[in-house]
Amino acid sequence: MFTEVSVRHEHHDTHPVTVTRAQRRGECGYGRAHVTTVIGADGIVYGYTRQTEGFPAGSVPTAQEAERTAGEFLRRIDPAFAAGLTVQWIDRHDEAITGADGAPPVQVCGRKVKTRHNSGRYTWVIVGAGNVILTYERDVTWDADHSRRQTAMWLHDRWITARDGGGAELGRPDAPLRRQS
């Protein structure tokens, strides 16, 4: 059972957002299983991730299944926005989380469908076993001068710990942005 463990009021580029994180009781902390949402003051869901066990490498959907599932999901949550998206590429995407009760790391495996909106911003959906949406991020700005994303990475534990001063500085393309005064 997951329960809310933190709420942060931050920004997704210039948009005020609320970042809400849920984890299992007794298993709180970065790098562990979590469900996180990034919801704008305007009601837009800018991000969602479900980093939990149960999405093994052998159950990753095909590229066609992932594209179909991602498209259906995007059209369901915002049909007008989805109409402006073009698929850029589809590929395997794996992340690791610390196993429950200190067990070895667990791979969370899926297929990433990366799209570009006609606004020039990027959106992606990662689809896991059973065509479950593992991660969704929208309206991500790319900083071409520094070869990395410009938009804050509120779904990514390594980025958050580095930004908050509790983790190692990340190299490109995961490097955090400088804090704005």
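**Exercise 1. Count the aromatic pairs in this predicted model and describe how the rings of F73 and Y136 are arranged.**

Solution. A pair of aromatic rings is described by the distance of the centres and the angle of the planes. The rule takes the rings of Phe, Tyr and Trp (for Trp the six-membered ring) and pairs them if their centres lie within 6.5 Å, with planes under 30 degrees apart counted as stacked, over 60 as edge-to-face and the rest as tilted. By this rule, the count comes to two aromatic pairs. For F73 and Y136, the ring centres are 5.2 Å apart and the planes stand at 80°, so the pair is edge-to-face. This pair links distant parts of the chain, since F73 belongs to helix 1 (residues 63–77) and Y136 to strand 8 (residues 132–140), 63 residues apart. W154 and W159 also form an aromatic pair that is edge-to-face, with 4.9 Å from centre to centre and 90° between the planes.

Before going on, note how the model is read: residues are numbered from 1 along each chain as its sequence is written, and side-chain values use heavy atoms, with hydrogens and water left out. Being a predicted model, it is held to a pLDDT of at least 70 for local features and of 80 or more for side-chain atom pairs, while totals for chains, interfaces and linings use all residues.

**Exercise 2. Decide whether F73, Y136, W154 and W159 are buried or exposed, and find what F73 touches.**

Solution. The classes rest on relative accessible area, where buried means under 20%, exposed over 50%, and partly exposed in between (1.4 Å probe, protein chains only). F73 has a relative accessible area of 12%, so F73 is buried, and Y136, at 1% relative accessibility, counts as buried. Both W154 and W159 are buried. The next step is contact, which means heavy atoms within 4.5 Å. Leaving aside residues up to four places away in sequence, F73 touches V125, I133 and Y136. For F73 and I133, 60 residues apart in sequence, the C-alpha atoms are 8.2 Å apart in space.

**Exercise 3. Set out the elements of the protein in order and describe its overall extent.**

Solution. Helices (H or I, at least four residues) and strands (E, at least two) are DSSP runs, numbered from the N terminus. Counted in this way, the protein has three helices and ten strands, and from the N terminus on they run β-β-β-β-α-α-β-β-β-β-β-β-α. The radius of gyration of the protein is 16 Å, close to the 16 Å that the globule rule gives for 181 residues, so the protein is as compact as a globular protein of that length; the radius is taken over C-alpha atoms, and the rule is 2.2 Å times the number of residues to the power 0.38. Along the principal axes, the C-alpha atoms fill a box of roughly 45 × 45 × 30 Å. Buried residues make up 43% of the 181 residues, and of the contacts with a separation of 6 or more, 46% are between residues 24 or more positions apart.

**Exercise 4. Compare the surroundings of T151, T18 and P104.**

Solution. T151 lies in the loop between strand 10 (148–149) and helix 3 (157–163), and at 1% relative accessibility it counts as buried. Although T151 and H12 are 139 residues apart in sequence, their C-alpha atoms are 6.2 Å apart in space. T18, found in strand 2 (residues 15–24), counts as partly exposed at 25% relative accessibility. Not counting residues up to four places away in sequence, T18 touches V7, R8, H9, T37, V38 and I39. P104 sits in the loop between strand 5 (85–97) and strand 6 (106–117), and with a relative accessible area of 61% P104 is exposed. The C-alpha atoms of P104 and R76, 28 residues apart along the chain, are separated by 37 Å.

**Exercise 5. Locate D139 and S147, which have a positive phi, and give their exposure.**

Solution. D139, although not a glycine, has a positive phi of about 55°; D139 lies in strand 8 and, at 11% relative accessibility, counts as buried. S147, not a glycine either, has a positive phi of about 50°. S147 lies in the loop between strand 9 (142–143) and strand 10, and with a relative accessible area of 42% S147 is partly exposed.
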